[in-house]
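Work through these exercises with the sequence and the structure open. Try each task before you read its solution.

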Amino acid sequence: MNIRVITIFPDFFASCLGEGLLGKAAANGLARIEIDNLRRYAAGKHRTVDDAPYGGGPGMVMKPDVWAAAIEQARRDLPGARVALLTPQGETFTDAAARRLAREAGLVLCCGRYEGIDERVGEHLVDEWLSIGDYVLTGGEPAALAVIDAVVRQLPGVVGCAESVDTDSFTAGLKYPQYTRPPIFRGWSVPEPLLSGHHADIKAWREAEAVARTNRLRPDLAALAAAPRTRLAVREPDDWTLAAVAAAVRAYGLRELAVVSGDAARRAALREQAGVRVVRSLAEAARKWDGERLLCVATQPGPGQMSLAQAATFIGEAPAGTTIFWGDPPPGASLAAPCWDESAAPAALLAWLDRVFGWPRASRGQPF
Ligand code: SAM
C-alpha cells in the first residue's frame, strides 16, 4: 500500500516510521510511506502556507492554493488513492475505518496546523474527513501517525500472526485478559483455567471474560460482541427482504438467519438455500432455543419498548444468545422500539440492526 502524508513538519515522522512493525512493513515493501513537505508547493521566498482568517479572529488559516497543489500532485503520483483530511470535525477513526482504509490501493493524509485549512479544501478536494477523537491536537501529524499505524497493522503479512489481528479488541467487543509467567506475582494469581492446559476450558474462559469485560467497560460495544450468539428471525419474507436480511446477518457476523413460514412448499424451497434455518412457527422454535432471549423489534412505537441502548445491553448480557424477531411479537418476547415512527417497511429493521450492530461505523461516535 502507498501512503503519502502532507505536512509542514516532515521531521515529525522520521523516527516513528522506522521503528517496530511499521519499520518492518516498509522494509518488506508491504507499505511505502512517503512524507511530502507542504512548503514545496508554496510560492515566495518564505514559502508561506498560511494567512489571516477572513472575518478576523485568532490564529492563521492554511492557504487553499498551496493545499490544492499538494493534493493534486498526490492524486497524480498515487492514482486512485483515498485522500483524507485530518480534522477534529471528521468522522471518528475506528478499527472498522482502519480495516476499510487498508483495502485501498493508496492513502493520502493531509495534516493541518494553526486554525486548520481553508474550508474549500475539505469541501472540494478531499474524499473524507477523519478525527482520531474528541479533542484538539496542535496539528494533524500525531493523528496521521495513529491512522498509519492502525491501517498498516491491518495489511496482510504485517503482523506475523493474522489470528492476533482478527481476535483483537473491536473485532467483536474487547479482547480477553492476557497473562504470562510467573503464575503468581506479588500474590496475584493467573486465573486457574489458563493454567489447566485444557483447550476447551481455556476457550470458554476467554469467551466469557471477553463478554464480561465488554459489558463492564464498553457497554456500547456489547451487542457487537454478542453478534455471534445472536440470531435474526423474519416471518414470511419476500425475496427482497430475504436477500437484505441475509446480507445483514453476514455483514454483522450474526449467528444465523431463521425464516419462519407456515407454508410447507415455501419451507421446502427455503431449505435449499445455504445458511438459512427454516422453522414452521417461532413459538415452536423458541421452545427449542430454550434459555435464549427473544427480542421483537416493534413495527410501531409504543410504551414499554426498549430504546436502542437498552436493546444493545439486553443482547450483550444474554449469555445463551438472543433471537431478534421482526413482526408480530410471539408470547414472552421483549419489545424494542423501532428506529422510525412508522416502520412497517423492512428497511426499518435494517436501520435498527445497523444502529445496534454496525456501531461504531454507523453512528459516528454517538451510538444512541
Ligand atoms: N480550529 C480547528 C477546530 O476548532 O476544529 C482546530 C485546528 S487544530 C488546532 C490544527 C490541526 O490539527 C487540524 O487542522 C487538524 O489537522 C489537526 N487535528 C486536531 N485535532 C485533531 C483530531 N482530533 N483528529 C484529527 N486531526 C486533528
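Five exercises follow, each with a worked solution.

The model is predicted: local features need pLDDT of at least 70, side-chain atom pairs count only at pLDDT 80 or more, and totals for chains, interfaces and linings use all residues. Residue numbers start from 1 along each chain, as its sequence is written.

**Exercise 1. The whole chain**

Task: describe the protein chain by its secondary structure, extent, burial and domains.

Solution.
- Step 1: the protein chain has 14 helices and 15 strands. These are DSSP runs, numbered from the N terminus: helices are H or I with at least four residues, strands are E with at least two.
- Step 2: the C-alpha trace spans about 80 × 60 × 40 Å along its principal axes.
- Step 3: of the 368 residues, 32% count as buried. A residue is buried if 20 or more other C-beta atoms lie within 10 Å of its own, exposed if 12 or fewer, and partly exposed in between; C-beta atoms are placed from the backbone.
- Step 4: the chain divides into domain 1 (2-152), domain 2 (173-217) and domain 3 (225-357). The bounds come from an automatic or database domain assignment.
- Step 5: the C-alpha centres of domain 1 and domain 2 are 40 Å apart.

**Exercise 2. The ligand shell**

Task: find the residues around the ligand and sort them by class.

Solution.
- Step 1: the ligand is surrounded by 20 residues. Each has its C-beta atom, placed from the backbone, within 6 Å of the ligand.
- Step 2: the closest are Leu86, Gly112, Gly116, Gly140 and Ala143.
- Step 3: strand S5 (residues 82-92) gives the most to this shell, with four residues.
- Step 4: the shell holds nine nonpolar, nine polar and two charged residues. Ala, Val, Leu, Ile, Met, Phe, Trp, Tyr, Cys and Pro count as nonpolar; Asp, Glu, Lys and Arg count as charged; the others, Gly among them, count as polar.

**Exercise 3. Two helices that pack**

Task: describe how H3 packs with H5, and which residues make the contact.

Solution.
- Step 1: helix H3 (residues 95-102) and helix H5 (residues 141-154) pack at about 65°, with their axes 8 Å apart. Axes are lines fitted to C-alpha atoms, for helices over the stretch in contact, and angles run from 0 to 180 degrees between N-to-C directions.
- Step 2: H3 brings Ala98, Arg99, Leu101 and Ala102 to the contact, and H5 brings Ala150, Val151 and Gln154. Two residues are in contact if their C-beta atoms, placed from the backbone, lie within 7 Å.
- Step 3: by class, this contact has five nonpolar, one polar and one charged residues.

**Exercise 4. Leu101**

Task: is Leu101 buried or exposed?

Solution.
- Step 1: Leu101 sits in helix H3.
- Step 2: Leu101 counts as buried because it has 23 C-beta neighbours inside 10 Å.
- Step 3: beyond its neighbours within four places in sequence, Leu101 is in contact with Arg82, Leu107 and Val151.

**Exercise 5. Backbone details**

Task: locate the cis peptide bond, then place Arg47 and Glu236.

Solution.
- Step 1: the cis bond joins Arg181 and Pro182, with omega about 5°. Pro182 is in the loop between helix H6 (162-167) and strand S8 (184-185).
- Step 2: Arg47 is not a glycine, yet has a positive phi of about 45°. Arg47 lies in the loop between strand S2 (32-37) and strand S3 (50-51). Its 14 C-beta neighbours inside 10 Å make Arg47 partly exposed.
- Step 3: Glu236 also has a positive phi, near 45°. Its loop runs between strand S10 (230-235) and helix H10 (239-252). Glu236 is partly exposed, with 13 other C-beta atoms within 10 Å.
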